[in-house]
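Work through the exercises below with the sequence and the structure side by side, and try each task before reading its solution.

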Amino acid sequence: MPPFGSDNYAPAHPEVLAAVAAANEGYAVAYGDDPWTERLDARIGEIFGAGARAFPVLNGTGANVVSLMATTSRWAGVVASDVAHAHTDENGAPERVGGLKLLTRTSRDGKLSPDDVTAWAGELGDVHRAQPQVLTLTQATELGTVYTVEELRALVAAAHALGLAVHLDGSRLANAAAFLGVGLRALTTDVGVDILSLGAAKNGGLLGEAVVVLGPDDAPTPGAAAARQAAAEAVPYLRKSTMQLASKARYLSAQLLAMFGAPVDGDAAPEPGAVPLWLRNAHAANAAAQRLRAGVETLGDTVRVTRPTQANAVFATLPRAAADRLREQTRFYDWADGETPDRVEVRWMCSWATTDADVDAFVAALAVALRADAFAR
């Protein structure tokens, strides 16, 4: 049985590997001055709007750190949720590498609200406080929930009203877009996001992500336009100084072209053959999670789904003993304490490669583990 610990465990999609192999012909100028990276930059402009720039990096943490540094001063603070990946799972990289103070707010189902942004207004201009300069949002969130277009628009407006830039951690942006039935632009450019970390590794990629700076002409204010222009000029230097510039960048760009190279028009159900790889993979992962949730919900109230299943994650509580027994067959992670000391909340992640048979085998193994736990009691 395959693991359900993370979508990072999944193999690279064959189309991604084919793109890398195709890029492995002859010589190409290093450090991004190659035809693949040039085509990627053009493609990102087609998806996110004229003037949007793409800068391939080595990993998601690097994409987040470079993005945040490009939109802040040395004395800045970053408004984030308490479960943001940049806060909980990047070993303090924004603080260690970027010198940025993370200003966290308690989230609800992983989401922030406009009030969580305006709560920091009193810090502005206070020399004793790290100055809030950027809001970072995760889409889909670490709890598998998805910000709607309206929620994003309200958050971005609140941030811009205070002079904050907006960064989107889009490691699972594809899953969010697939769930909502919208294009990538609808969740970024059209709501006023300034810069994003564009994910690929969790959605069938091999290695690498991209920092995308949105175009100045799409900015809601002249100040935001100037900030975006400054960020685009800063990212190349920040990418190098934070050790995120790949010498053979063509292989990163080739993967991203395979993922995002097909037409993107925001249609939830494009004609067969026109569906880009990012959307096909996200639909597959999301559908696997929905199937998993449905299967789990047939097993009675000993296992309880705890959070909305909107992207490719299922959260549930169950007896710790049953979780440990199930973990003998497949890998997954504990997330939080359960309702009582003998229960635990776990996270089960699906990927583009998760099949119906994988899900059904997992549900069957979970049923056996629950029965064994009940018998032992």
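Helices, of at least four residues, and strands, of at least two, are DSSP runs numbered from the N terminus. The model used here is predicted.

**Exercise 1.** State how many helices and strands the protein chain has.

*Solution.* Going along the protein chain and counting each kind of run, one arrives at 13 helices and 11 strands.

**Exercise 2.** Decide whether the radius of gyration of the protein chain agrees or disagrees with that of a compact globule.

*Solution.* Begin with the expected value, which for a compact globule of 377 residues is near 21 Å. Next take the value for the protein chain, which is 21 Å and therefore agrees with the rule. For the extent along the principal axes, the C-alpha atoms fill a box of roughly 65 × 55 × 35 Å.

**Exercise 3.** Describe how much of the protein chain is buried, and how far apart in sequence its contacting residues lie.

*Solution.* A residue counts as buried when its relative accessible area is under 20%, and 54% of the 377 residues count as such. Turning to contacts between residues at least 6 apart in sequence, 73% of them join residues at least 24 apart.

**Exercise 4.** Examine helix α3, residues 60-70: is it mostly covered or mostly uncovered?

*Solution.* Of the 11 residues of α3, nine are buried, so the helix is mostly covered. Among the buried residues are Gly62, Val65, Leu68 and Met69. Finally, look at the start of α3, where a side-chain oxygen of asparagine 59 comes to within 3.4 Å of the backbone nitrogen of threonine 61.

Technical notes:
Residues numbered from 1 in each chain as written. Predicted model: local features only at pLDDT ≥ 70, side-chain atom pairs only at ≥ 80, totals over all residues. Heavy atoms only, no water. Rg over C-alpha atoms; globule rule 2.2 N^0.38 Å. Buried < 20%, exposed > 50% of the residue type's maximum accessible area, 1.4 Å probe, protein only. Contact = heavy atoms within 4.5 Å. Polar contact = N/O pair within 3.5 Å; in protein donor to acceptor, adjacent residues only side chain to side chain.
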